[in-house]
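Here is a walk through one structure, with an eye on charged pairs and strand pairing. Have the coordinates open as you read.

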Amino acid sequence: MTRLSPSAAKKRVTIGKVGAAHGIHGEMRIIPLTDFTERFASMKEVMVGDELLHVESCKYHKQYVLMKFREYPVREDAMRLTGKLLTVDRSEAAPLSEGEFYTFDIIGLTVYDSEGRELGQVENVLRTGSNDVYQARRTDGGELLIPALKAVVKEIDVAGGRMVVDMPEEISDAH
């Protein structure tokens, strides 16, 4: 069984989470955590937690991807995977267009205003339909919701771990 070292784990991209078992033949429901759900159909192997597993079958069912792993042929064994994350190497991540970022790269960024004052740290990315919203923990412990709009988010520097925002008064004053 192949296991990941902690440093290798940091170079991984999360693409899904194992949900409940489906049926009696070891298939597991995968909750996609990627905008590129078509990628699952061509996968031969994937890291689940810290184990490299081989994909025996894959099909789409409602909002889930149903996967069966060669190493877990029986439902009872496969159920131990519930809650684990599916990851691929960062080099296998789907390519992005200019100005697009992976959710996992946004989470953890430190948020600053245009004067360089630290506002907080991004904890989550909310998908609202029209535009994403970056949910940040303020330095005072409160919550800061940042609309992912060019008018608000002036700079995202993933390598530098920072985001610069120009928040409208009515948003930044609401605690």
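Let's start with an arginine: Arg80 comes out as exposed, because its relative accessibility is 56% and anything over 50% counts as exposed. Bear in mind that this is a predicted model. Arg80 has a salt-bridge partner in Asp77, and the closest N and O atoms of the two are 3.7 Å apart. Asp77 itself is partly exposed, at a relative accessible area of 28%.

**Salt bridges**

How many salt bridges does a search of the whole structure find? It turns up seven. As background, side chains of opposite charge can pair when their charged atoms come close. Three of the pairs are set out here.

| Pair | N to O distance | Relative accessible area of each residue |
|---|---|---|
| Arg80 and Asp77 | 3.7 Å | Arg80 56%, Asp77 28% |
| Asp105 and Arg90 | 2.6 Å | Asp105 14%, Arg90 37% |
| Lys59 and Glu27 | 3.3 Å | Lys59 44%, Glu27 13% |

Take Asp105 and Arg90, whose side chains meet in a salt bridge at 2.6 Å, N to O. Asp105 belongs to helix 3 (residues 103-106), while Arg90 sits in the loop between strand 6 (85-89) and that helix, so the pair ties together parts that lie 15 residues apart in sequence. Asp105 is buried at 14% relative accessibility, whereas Arg90, at 37%, is partly exposed.

Salt bridges that share partners also build one network out of Asp113, Glu115 and Arg117.

Then there's Lys59 with Glu27, a salt bridge at 3.3 Å from N to O. This pair links distant parts of the chain: Lys59 is in strand 4 (residues 51-61) and Glu27 in strand 2 (residues 27-32), 32 residues apart. Lys59 is partly exposed at 44% relative accessibility, but Glu27 is buried, with a relative accessible area of 13%.

**A closer look at Asp113**

Back to the network for a moment. Asp113 is part of strand 7 (residues 110-113). Is Asp113 buried or exposed? Buried: its relative accessible area is 11%, and the label applies because that value is under 20%. A polar atom of the Asp113 side chain lies 3.0 Å from the backbone nitrogen of Glu115. Setting aside neighbours within four places in sequence, Asp113 is in contact with Leu119, Val164 and Val165.

**The six-stranded sheet**

Strand 7 also has a place in an open sheet of six strands, ordered 10-9-8-7-12-11 with mixed pairing. Which strands stand at the edges? They are strand 10 (143-147) and strand 11 (153-157); each has a single partner strand, so one side of each is left without a neighbour in the sheet. From one strand to the next, the twist averages 35 degrees.

Over at the strand 10 edge, strand 9 (residues 132-138) runs antiparallel to strand 10, and five bridges join the two. If you want a spot to click on, Tyr134 stands opposite Ile146 in strand 10.

**Around strand 1**

Strand 1 (residues 12-22) pairs with strand 6 in the antiparallel sense over five bridges. Gly16 has Leu86 in strand 6 as its bridge partner.

Strand 1 is also antiparallel to strand 2, again joined by five bridges, and Ala21 stands opposite Met28 in strand 2. Strand 1 and strand 2 make a hairpin with four residues between them, and Gly23 in the turn has a positive phi of about 75 degrees. Strand 2 is where Glu27 of the Lys59 pair is found.

How values were computed
Residues numbered from 1 in each chain as written. Predicted model: local features only at pLDDT ≥ 70, side-chain atom pairs only at ≥ 80, totals over all residues. Heavy atoms only, no water. Pairing = 2+ DSSP bridges. Axes fitted to C-alpha atoms, helices over the stretch in contact; angles between N-to-C directions. Buried < 20%, exposed > 50% of the residue type's maximum accessible area, 1.4 Å probe, protein only. Polar contact = N/O pair within 3.5 Å; in protein donor to acceptor, adjacent residues only side chain to side chain. Contact = heavy atoms within 4.5 Å. Salt bridge = Lys/Arg side-chain N within 4 Å of Asp/Glu carboxyl O.
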